Amino acid sequence: MPESQHTIAGTVLTMPVRVRKADVHTAMFSVDAEAAQRLIDYSGLKVCQHRPGRAVVNLMLARYIDGDLGQYHEFGTCVMVNPPGSQARGLRGLGAAAAFIHHLPVDQSFTLEAGRTIWGFPKIMADFTIRDDGNFGFDVSAEGSHIAGIDFGRGLPVPSLFTAKPQVLKTYTYADGTTREVPWEMKVSGLRGRIGGAALRLGHHPYAAELAALGLPKRAMVSGSVANVEMSFGDAHPLG
């Protein structure tokens, strides 16, 4: 079967789309499950409750250094959900959960068009300020309004024994009335993590108001960073 192709801004992308090098910082928060469910009800998906009445939201900053979509920054609001048909709960359920992408600001137009067209990612144009002078931090704004900023403490290194194997993952998106599953693979090295370790600040953008409605800012459950990330993304498939 021939590989699928997509033409974005005059450039032909042959699937899967590959990211050869990126780095990522993440902060994971426990939030009220009902509030998180209201946030993503439009998707038809159900949040995964890692504890009774609690769901997980992951806020992440990715810096794409070398890949088919070019160099860019990306801020994601990811709500952990059960795959369709699953009602799993607890830590085991969280381990099998997938990320539903609710917010995804980026700072380059090519990746914005590709993300929205190929996968239905909710990308908007944004501006990023990065601080990487010992402790890492960033701020993201859109249309002149501050969305959020996170300052990270340095985590402890995670042995490569736990990160060497490539991971096959699922992500869900929603666009034009359709929820889609995006299959992707990831290989990481240089992983660090810690309990807490992330100070979140919210601005006045509508995205910030949605995060505040979840009870944020608050202390992160865990935070982490990955120095080297390789990824590949396949075509999206509508659910149902």
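Two strands are taken to pair if DSSP finds at least two bridges between them. With that criterion in hand, the predicted model offers a clear sheet to begin with: four strands in the order β10-β11-β12-β16 form an open sheet with antiparallel pairing. Its edges are formed by β10 (127-132) and β16, each of which pairs on one side only. From one strand to the next, the twist averages 10°.

It is helpful to place this sheet within the whole chain. The chain comprises four helices and 18 strands. A compact globule of 240 residues would have a radius of gyration near 18 Å, and the chain, at 17 Å, agrees with that value. The C-alpha trace spans about 45 × 45 × 45 Å along its principal axes. Of the 240 residues, 50% count as buried. The accessible surface comes to about 11700 Å², and carbon and sulfur atoms contribute 53% of that area. Among contacts with a separation of 6 or more, 67% are between residues 24 or more positions apart.

Returning to the sheet, the pairings can be followed strand by strand. Strands of a sheet pair through backbone hydrogen bonds, in either a parallel or an antiparallel sense. Between β10 and β11, six bridges support an antiparallel pairing, and within it R131 has G137 of β11 as its bridge partner. These two strands form a hairpin with three residues between them, and in its turn G134 has a positive phi of about 110°. On to the next pair: β11 and β12 also run antiparallel and are joined by six bridges, with D139 standing opposite G149 in β12. The hairpin of β11 and β12 has two residues between the strands, and there E143 takes a positive phi near 55°. Finally, five bridges join β12 (residues 145-152) to β16, again in an antiparallel arrangement, and I150 stands opposite L200 in β16.

How many of the residues of β11 are buried? The count is seven of seven, so the strand is largely enclosed by the rest of the structure. Both of its faces are covered. On one side lie F136, F138, V140 and A142, while G137, D139 and S141 lie on the other, and all of these are buried.

D139 deserves a closer look, as it carries a charge pairing as well as a strand pairing. Side chains of opposite charge can pair when their charged atoms come close. D139 forms a salt bridge with R201, in which the closest N and O atoms are 2.9 Å apart. The pair links distant parts of the chain, with D139 in strand β11 (residues 136-142) and R201 in strand β16 (residues 198-202), 62 residues apart. The two partners differ in their surroundings: D139 has a relative accessible area of 16% and is buried because that value falls under 20%, whereas R201, at 32%, is partly exposed. The contact is also part of a wider arrangement, for R131, D139, D151 and R201 are linked in a network of salt bridges.

The total count in the model comes to nine salt bridges. Another two of interest share R20. The side chain of R20 meets that of D66 in a salt bridge with an N to O distance of 3.3 Å. R20 lies in strand β3 (residues 17-32) and D66 in strand β6 (residues 54-67), so the pair ties together parts that are 46 residues apart in sequence. R20 also forms a salt bridge with D68, at 3.0 Å from N to O. This second pair likewise links distant parts of the chain, as R20 is in strand β3 and D68 is in the loop between β6 and β7 (72-82), 48 residues away. Are these three residues buried or partly exposed? R20 is partly exposed, with a relative accessible area of 41%. D66 is partly exposed at 37%, and D68 is partly exposed at 28%.

A helix rounds off the picture. In α3 (residues 109-119), the buried residues are T111, L112, A114, G115, I118 and W119. An α-helix has 3.6 residues a turn, so residues three or four places apart point the same way. Just after α3 comes G120, whose phi is positive, near 80°.

Conventions
Residues are numbered from 1 along each chain as its sequence is written. This is a predicted model: local features need pLDDT of at least 70, side-chain atom pairs count only at pLDDT 80 or more; totals for chains, interfaces and linings use all residues. Side-chain values use heavy atoms; hydrogens and water are left out. A salt bridge is a side-chain nitrogen of Lys or Arg within 4 Å of a carboxyl oxygen of Asp or Glu. Buried means under 20% relative accessible area, exposed over 50%, partly exposed in between (1.4 Å probe, protein chains only). Axes are lines fitted to C-alpha atoms, for helices over the stretch in contact, and angles run from 0 to 180 degrees between N-to-C directions. The radius of gyration is taken over C-alpha atoms; the globule rule is 2.2 Å times the number of residues to the power 0.38. Contact means heavy atoms within 4.5 Å. Accessible areas come from the Shrake-Rupley method with a 1.4 Å probe; for residues, only the protein chains shown count as cover.
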